[in-house]
Each structure stands twice: as C-alpha cells, then as structure tokens.
Amino acid sequence: MDQFLSIGSTLFAAEGHNEPSYWGFASYLIVVVGFIFVMMTLAKKGINNRVFKNPITQLFEQLFLFIENMCKSIIGPHGIKYVPMVLTLWLLIFVGNTLALFLPFSPTADLSFNLGLALLSIGYVQWEGIRANGLFGHLSHFAGPKLGLAMIPITLMIFVIEIISELMKNVSLSLRLFGNIHGGHMAVEAMNKLGESIYVPFGAFLLPVKLLTCVVQAMIFTLLTCVYLSLVTQHGEDHGSGHDDHGQTPAMAH
C-alpha cells in the first residue's frame, strides 16, 4: 500500500513540490465526481420499486432525508427548495474528504478548491437574498437598523463592517475545510515517520478520527450554508407569515 501511495505521489506531484500538479489535481477531482455519478447511477436503479431494496438506494434515501430535515429545520419550510444545492455540496465535500483516507491527496486538501466551493456557496446565498428581498432590500440588511439621517456615518460604518464580514465567510469556510483535511495528512505522515524504524504505520491509528472529520467537515460546511440562507431569506418568509397571523388573530380571539 505504501508503495502504491509513493508511486501515485511521484506521478502526480509537481516538480519540487509535494502537492500534485494541475493534471494530478484534475485526476483526483475526476475520481471524486466519477465516484459520485457511479453511486447515483446505481442508486437510481432501485427507485422504481415501491419499497427500496437496493442498499445504495436506501443509503441515498437516508442522506436525502437528513439533508431535507437540516434545510427545513434551519431555513424554514421553504428550505426544501435548497436541498439539491446543499446535497450536492455535501456529496462533493464528503467524497473528497473520504478520498483523502486512501490516497495521498484529495481535492478538499487544496485551499484553492475549497475557496472555490466557498465562493460558490456564498455567491448562491447572495443570489437567493436578492431574489427574496430585491437588490436594494438585500443590500439594506447590511446597513443594520434604520438610525435616521443624523446617524448616516454610523450606518455607513455598519455597512462596511457587514460587507467585510460577508467576504470573510469565504475565508472561514475554505480555511476550516483545508486545515482539517490537509492537517490530517500531515499528522499521518508525522506519525508514520515515528514508526519507520520499527516498520509500524502509526498513522493508521488516526483513521477513525479522520473518518469522523470527513463527516463533521461536510456537515459544518453545509450547515453553515443553510444558516446563511436562512439569514437572507427568512425575512421575506416571516413578513409573509406575519400577514397570515394577522388574518387569523380575530378568529382565534373569538
């Protein structure tokens, strides 16, 4: 196994670096996306049955229900429409993280890839915020509460701080994922070096912890995406539900 990993590192590493070259990174990404499509194709074969007997179909059913419950509980009843996006992020991150358990590199161990996922997530949040509240309505929530004309400098200060905070979400999402996955690789390599003299791969003992990290990091990324979506779309939903409550109050009073 160690020989296989060393050969893979030699083939895909860039000259003078431990990280893979562009084509090496693309190869790992193709493996991740290809594995997801194969699993989805196998799961699709059991969908026509009234009762899912295909174990892969059952696995995807439980994953869908998990993501659906997370979206609805965090975003609200309208969160059901965000399930495809959140589920896609979950699969890509989780499979990418799991790949790191068996290969010397993973797409999610690359900061640029994680930053791209973060930009996609935060960009989608801004798009949904504009759709829910309009462009000016979405921008106005960055300015905080209405303080009047006398407090315009404070409003502008709040607006700038909120914009910077929104941009930093990309850094937070990408660095967290990169640090945990790349750090896991470094920890395994360090522990394996300790056991070189006695031919014991101590890094293998970290496998349960790394597997837990794969699940937790995929959950944190998607959970935060749901939280961000709830912050920019909940206002419109609350406003609409508020009208319904006003309409029902007289009947409840009687």
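Colleague: How many aromatic pairs does a search of the whole structure find?

Modeller: This is a predicted model, in which local features need pLDDT of at least 70, side-chain atom pairs count only at pLDDT 80 or more, and totals for chains, interfaces and linings use all residues. Residues are numbered from 1 along each chain as its sequence is written, and side-chain values use heavy atoms, with hydrogens and water left out. Rings of Phe, Tyr and Trp (its six-membered ring) pair if their centres lie within 6.5 Å; planes under 30 degrees apart count as stacked, over 60 as edge-to-face and the rest as tilted. Searched on that basis, the whole structure yields aromatic pairs numbering seven.

Colleague: Is the pair of Phe-25 and Phe-105 stacked or edge-to-face?

Modeller: The ring centres of Phe-25 and Phe-105 are 6.3 Å apart. Their planes stand at 65 degrees, so the pair is edge-to-face.

Colleague: Which parts does the pair of Phe-25 and Phe-105 tie together?

Modeller: The two parts are 80 residues apart in sequence. Phe-105 lies in the loop between helix 4 and helix 5 (111–133), and Phe-25 lies in helix 2 (residues 22–44). Helices here are DSSP runs (H or I, at least four residues), numbered from the N terminus. The pair therefore ties helix 2 to the loop between helix 4 and helix 5.

Colleague: Is Trp-90 buried or exposed?

Modeller: Buried means under 20% relative accessible area, exposed over 50%, and partly exposed in between (1.4 Å probe, protein chains only). Trp-90 has a relative accessibility of 7%, so the residue counts as buried.
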